[in-house]
Amino acid sequence: MTYAQNLRCRECSRDYPLAALHVCEFCFGPLEVAYDDDGIRAAVSREAIASRPANLWRYREFLPCDADSAINIGAGFTPLIHAKNLGKALGLPNLYIKNDTANPTWSFKDRVVAVASSRARELGYEKLACASTGNLANSVSAHAAAAGMEAVVVIPNDLEAGKVLGSSIYSPTLVKVAGNYDAVNRLCAELAGSRNWAFVNVNVRPYYAEGSKTLGFEVAEQLGWRAPDHCVVPIASGSLFVKIRKGLNEFAKAGLIDTPHTRMSGAQATGCSPVATAWAEGNMNFRPQRPDTIAKSLAIGNPADGYYSLVQLKDTNGACASVSDDEIVAGMKLLAETEGIFAETAGGVTIASVKQLAASGRIDPDELVVAFVTGAGFKTAEAVVDHLGPALEIDATVESFEAAYGEREGVPA
Amino acid sequence: MAVQRLRFTFPTDLIKEPVIYLIGQQFEVITNIRMADVDESTGWVILELEGDADEIARSVAWAESRGVRVDPITGDVIEG
């Protein structure tokens with residue numbers, strides 16, 4: 001049972017059937033899933049949701065496929081942590097971390113792929129495909145394996161080893177493409193248009209994007225059925241950034257929380273910052289960029305939801321930070337050293353952005369802030385491996401240990 | 001025959017050049033402008049290009065060689 005009624009163009013509001021469509025044939029606006037809001041409101045309650053298993057299908061009324069037959073590898077309901085140590089370091093006593101590294105393939109992409117793959121199977125597709133710089137490929141490969149579907153994942157040929165391995169283990173058809181970023185991107189767009197496959201973020205994108213809403217639902221539930229005052233979210237395509245707020249608004253519409261007044265702020269790497277750059281220039285039209293950053297999971301130079309991200313920044317009195325590669329590494333280390341969370345480079349972007357926004361006064365110290373950490377650090381070990389302290393190398397004697405332990409640089413014995 | 005929908009972004013120094021006209025002249029490709037926003041300093045056009053796939057690819061490569069940025073209309077297809 002789903003309350004999804006049709007797809008609707010975000011620009012001109014034309015309706016389309018719940019098929020594998022993603023752009024409006026008339027105005028090329030993006031299509032979104034529209035729901036029977038009254039039906040959802042009548043069907044849901046806090047108690048019913050809280051009684052369900054701890055995964056994203058507990059929000060089944062708000063999702064566009066039948067939860068009973070969904071492909072469920074346990075995505076969602078990841079920890080929300082009151083980050084007291086990090087908050088102290090940044091002057092934000094009410095800072096929380098939404099730790100989405102705890103998903104089955106260690107990134108938030110499991111949310112979007114869970115929904116996209118489930119809907120693709122409902123629509124009769126047997127092949128699941130994507131073009132990815134890593135996390136998405138990992139998740140598509142895993143979900144296809146669990147569902148008995150064939151996976152075809154297309155990746156650039158210069159990815160981090162951890163991200164390649166994270167797909168290979170599930171035995172998809174793994175396609176490594178040589179070529180510059182734009183060429184790879186256009187090849188993939190052409191493949192998506194010419195094959196009868198479910199490309200999770202292309203022809204079934206409207207369903208895929210719905211998975212991101214569950215981050216908004218979870219944060220509200222985990223905070224005791226309330227919206228945060230301020231969210232800091234990494235921006236790649238911009239879909240996650242926009243959909244977290246959509247989730248909060250849908251919860252309010254269903255009567256589960258009060259009307260949110262959440263400020264939404266974005267985080268980008270300076271080496272791929274089309275939204276942050278446009279925001280800094282006061283421009284609502286971003287210019288596409290060629291990415292050059294260690295944060296490859298955010299390396300989207302021409303973001304599909306870039307314009308809507310800028311609108312949301314403006315509508316919610318948000319801000320958008322951009323941080324250097326050095327700041328990204330420092331952000332990864334700061335998060336690990338203060339909260340015990342090893343995030344990938346995108347997490348470093350988020351934490352460095354929180355630091356930047358707090359230092360410049362764009363986050364109020366009194367606000368309840370949630371920072372979204374979207375992927376695990378072992379996938380991008382290359383980014384930090386040369387920035388870590390050495391181990392103590394000793395012989396197997398107490399004397400050797402004491403000598404080395406006592407000589408640690410700057411640390412009292 | 002193939003059809004591709006692409007977004008052309010023009011830098012300032014190309015604003016006055018008839019790039020789309022020249023594509024139609026130099027290649028066996030039908031150009032169909034579906035949306036556009038062009039002013040004195042910058043501009044983008046969403047085009048449908050119809051023709052043989054190789055000919056479309058050649059026309060796109062030519063446009064890029066002139067300095068036009070060419071992207072899928074949905075934005076980047078590759079995601080993190």
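Domain bounds, as used on this tour, come from an automatic or database domain assignment, and the model you have open is a predicted one.

**First stop: the domains of chain A**

Begin by selecting chain A and colouring it by domain: the assignment gives domain 1 as residues 80-106 together with 212-387, and domain 2 as residues 109-206. If you mark the centre of each of these domains, taken over C-alpha atoms, you will find that 24 Å separate the centre of domain 1 of chain A from that of domain 2 of chain A. Now look at where the two domains touch, a contact that takes 17 residues from domain 1 of chain A and 14 residues from domain 2 of chain A. On the domain 1 side of this contact, the residues divide into six nonpolar, seven polar and four charged.

**Second stop: a pair of helices**

Next, select residues 213-222 of chain A, which form helix α9, and residues 239-253 of chain A, which form helix α10. In general, two packed helices are described by the angle between their axes and the distance between the axes. Here α9(A) and α10(A) pack at an angle of about 55°, with their axes 6 Å apart, and that angle makes α9(A) oblique to α10(A). The crossing of the two helices is right-handed.

To see which residues make this contact, show the side chains of K213(A), T214(A), L215(A), G216(A), F217(A) and A220(A) on α9(A), and then those of K243(A), I244(A), R245(A), K246(A), G247(A), L248(A), E250(A) and F251(A) on α10(A). Sorted by class, the contact of α9(A) with α10(A) has six nonpolar, three polar and five charged residues.

**Third stop: where chain A meets chain B**

Bring chain B into view and select the contact between the chains, which takes 30 residues from chain A and 15 residues from chain B. Two helices of chain A to highlight are α5 (135-147) and α7 (181-194), each of which supplies at least two residues of the side that touches chain B. Of the elements on that side of chain A, α7(A) gives the most, with six residues. Taken as a whole, the side of chain A that touches chain B divides into 16 nonpolar, twelve polar and two charged residues.

**Last stop: one leucine**

Finally, stay on helix α7 of chain A and select L191(A), which has its place there. Is L191(A) buried or exposed? L191(A) counts as partly exposed, because it has 18 C-beta neighbours inside 10 Å, whereas a buried residue would need 20 or more. To finish, select T293(A) as well: the C-alpha atoms of L191(A) and T293(A), 102 residues apart along the chain, are separated by 26 Å.

Methods: Residues numbered from 1 in each chain as written. Chains lettered and ligands numbered in written order. Predicted model: local features only at pLDDT ≥ 70, side-chain atom pairs only at ≥ 80, totals over all residues. Contact = placed C-beta atoms within 7 Å. Helix = DSSP H or I, 4+ residues; strand = E, 2+ residues; numbered from the N terminus. Nonpolar A, V, L, I, M, F, W, Y, C, P; charged D, E, K, R; others polar. Axes fitted to C-alpha atoms, helices over the stretch in contact; angles between N-to-C directions. Parallel < 35°, antiparallel > 145°, perpendicular 65-115°, else oblique. Left-handed = near helix turned anticlockwise from the far one by under 90°. Buried ≥ 20, exposed ≤ 12 C-beta atoms within 10 Å, placed from the backbone.
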